[in-house]
Amino acid sequence: MPRAATVLDLYLERGRRGLPLEDMARQRCNRDHSLRAYGRIYRKAGAMTPGTTAATVDAMSREKSDRIIDVLRHEAYRGTPVRRTYIPKKSGKRRPLGIPTWSDTLVQAVVRSWLEAYDEPQCSQHSHGFRPNRGCQTAFGDITQRWRGVKGCIEGDSTHGFDRSNHEVLRSILGEKIHETRFVRLMAHMRKAGYLEEWTDHATLSGPPQGGARSPILSPPARDRRDQFVEKV
């Protein structure tokens with residue numbers, strides 16, 4: 001198997017050239033992707049927060065990684081329901097947050113690295129949300145450097161932008177550029193894992209749960225449709 005960095009460079013180049021991805025199934029068995037993902041997430045504060053199981057980053061080992069890879073190889077991965085909790089908002093309301101298990105967190109981090117490499121060169125250069133090395137500060141920098149003649153702005157908000165997104169629309173967007181049905185099915189299983197609230201299982205009928213890497217994985221390709229429409233139409 002090639003090194004993860006080599007594969008990601010290949011995905012990046014295919015993204016630049018607008019070519020579809022077709023060989024992602026083999027990469028599920030590449031241990032180097034898991035090790036690279038672990039290196040990115042093990043220091044984060046959430047790595048020590050348990051989901052619906054007691055396992056955290058402390059449970060990680062080479063054997064654990066190999067078991068996850070074996071499940072993916074046999075297309076038996078279904079994902080575990082996230083543990084739903086709530087965090088307060090300034091308005092007084094509460095925002096639902098889904099905390100995934102450690103195994104799911106690792107799989108999500110691997111998938112996110114693939115899609116980031118492929119989608120990044122295709123996304124609008126005016127979009128700053130959920131993209132590597134971009135965020136509020138780069139958005140403000142863009143405004144101060146380029147919007148010299150602006151006299152007014154329109155502010156908007158995507159209400160329930162994550163948890164109410166349509167599963168079939170997301171699947172269609174992925175399928176246009178990723179010609180690998182096994183990977184598209186894997187993403188569908190990740191979206192439909194459900195959540196556990198007050199010890200009761202709930203199905204995920206729309207959108208990925210907010211929390212972990214599931215939501216940011218699909219945010220750039222889905223939102224890019226809107227960005228391209230605003231820019232061109």
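**Sheet order and two positive phi values**

Modeller: At 32% relative accessibility, Glu75 counts as partly exposed, since that class lies between buried, under 20% relative accessible area, and exposed, over 50% (1.4 Å probe, protein chains only). This is a predicted model, where local features need pLDDT of at least 70, side-chain atom pairs count only at pLDDT 80 or more, and totals for chains, interfaces and linings use all residues. Residues are numbered from 1 along each chain as its sequence is written, and side-chain values use heavy atoms, with hydrogens and water left out.

Colleague: What is the phi of Glu75 near?

Modeller: Glu75 lies in the loop between helix H4 (62–73) and E1. Helices (H or I, at least four residues) and strands (E, at least two) are DSSP runs, numbered from the N terminus. Most residues other than glycine have a negative phi. Glu75 has a positive one, near 55°.

Colleague: Is Asn133 buried or exposed?

Modeller: Asn133 sits in the loop between helix H5 (102–119) and helix H6 (136–146). Its phi is positive too, about 60°, although Asn133 is not a glycine. With a relative accessible area of 77%, Asn133 is exposed.

Colleague: Which strands stand at the edges of the sheet?

Modeller: The sheet is open, with 4 strands in the order E2-E1-E3-E4 and mixed pairing. Two strands pair if DSSP finds at least two bridges between them. Each edge strand has a single partner, so one side is left without a neighbour in the sheet: these are E2 (94–99) and E4 (200–202).

Colleague: Which residue stands opposite Arg83?

Modeller: Strand E1 (residues 82–88) runs parallel to strand E3 (residues 195–197), and 2 bridges join them. Opposite Arg83, in E3, stands Leu196.
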